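Thanks for coming, everyone. I'll put the structure up and then walk through it piece by piece.

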Amino acid sequence: MGKAYSFKRYGHDEIHIFEGYFHLDHSCDAGPESICKKIKLDQGKWHDNHVCLDPDKARYAAAGLGKLVCGECVKRLYASF
Ligand SMILES: [Zn+2]
């Protein structure tokens, strides 16, 4: 199955991205830390409607959220295409 990206809000105004894989039922998992490695899976809160996105949707969502998204996460999101 393809890669899945989920966005997590950390603190007030910082969003980091987790990478995982889709399951057959279209749910997804997420790695143990954000793709920038700055936060762990048990930190922060999933960002509403920004979980289990395919790479295209994740890139679109990151563009829409703009500066809220961690720059290092965005760089790695683009690098993985
Ligand atoms: Zn990050």
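In which helix does Asp56 lie? Asp56 is in helix α1. Keep in mind that this is a predicted model. Asp56 has 9 C-beta neighbours inside 10 Å, so Asp56 counts as exposed. Now look along the chain to Cys70. Asp56 and Cys70 are 14 residues apart in sequence, and their C-alpha atoms are separated by 18 Å.

Let's step back to the whole chain. The protein chain has two helices and three strands. Starting at the N terminus, the order of elements is β-β-β-α-α. The C-alpha atoms fit a box of roughly 35 × 25 × 20 Å along the principal axes. For 81 residues, a compact globule would have a radius of gyration near 12 Å; this chain has 11 Å, which agrees. Of those 81 residues, 28% are buried. Take the contacts with a separation of 6 or more: 52% of them join residues 24 or more positions apart.

Next, the sheet. Three strands make an open sheet, in the order β2-β1-β3, with antiparallel pairing. The edges are β2 and β3, residues 45–46, and each has a single partner strand, so one side of each has no neighbour in the sheet.

Start with the β1 and β2 pair. These two strands are antiparallel and share eight bridges. One bridge pairs Tyr10 with Glu14 in β2. The two strands form a hairpin, with three residues between them. Gly11 sits in that turn and has a positive phi of about 65°.

On to β1 and β3. They are also paired in the antiparallel sense, over two bridges. Here Arg9 has Lys45 of β3 as its bridge partner.

What lies across β1 and β2? Helix α1 does, running at about 25° to β1.

Now the core. The largest nonpolar core has 17 residues. Those with the most contacts inside it are Tyr5, Ile17, Ala58, Val69, Cys73, Val74 and Leu77. Four elements give two or more residues to this core: β1 (3–10), β2 (14–21), α1 (55–65) and α2 (71–79).

Zoom in on Leu77. Leaving out residues up to four places away in sequence, Leu77 touches Tyr5, Ile17, Ile35, Ala58, Arg59 and Ala62.

That brings us to helix α2. Which residues of α2 are buried? Cys73, Val74 and Leu77 are. Viewed down the α2 axis, the buried residues fall within an arc of 100°, so they line one face of the helix. That buried set packs against β1, β2 and α1. Turn to the other side of α2, and you find Gly71, Lys75 and Ala79 exposed.

What about Glu72? Glu72 also lies in helix α2. The residue has 15 C-beta neighbours inside 10 Å. The cut-offs are 20 or more for buried and 12 or fewer for exposed, so Glu72 counts as partly exposed. Compare its position with His23. Glu72 and His23 are 49 residues apart in sequence, and 26 Å apart in space, C-alpha to C-alpha.

To recap: an open sheet ordered β2-β1-β3, α1 across β1 and β2, and the buried residues of α2 packed against β1, β2 and α1. That's my walk-through. Thanks.

How values were computed:
Residues numbered from 1 in each chain as written. Predicted model: local features only at pLDDT ≥ 70, side-chain atom pairs only at ≥ 80, totals over all residues. Core = buried A, V, L, I, M, F, W, Y, C linked by C-beta atoms within 7 Å. Contact = placed C-beta atoms within 7 Å. Arc of directions from axis to C-beta. Pairing = 2+ DSSP bridges. Axes fitted to C-alpha atoms, helices over the stretch in contact; angles between N-to-C directions. Rg over C-alpha atoms; globule rule 2.2 N^0.38 Å.
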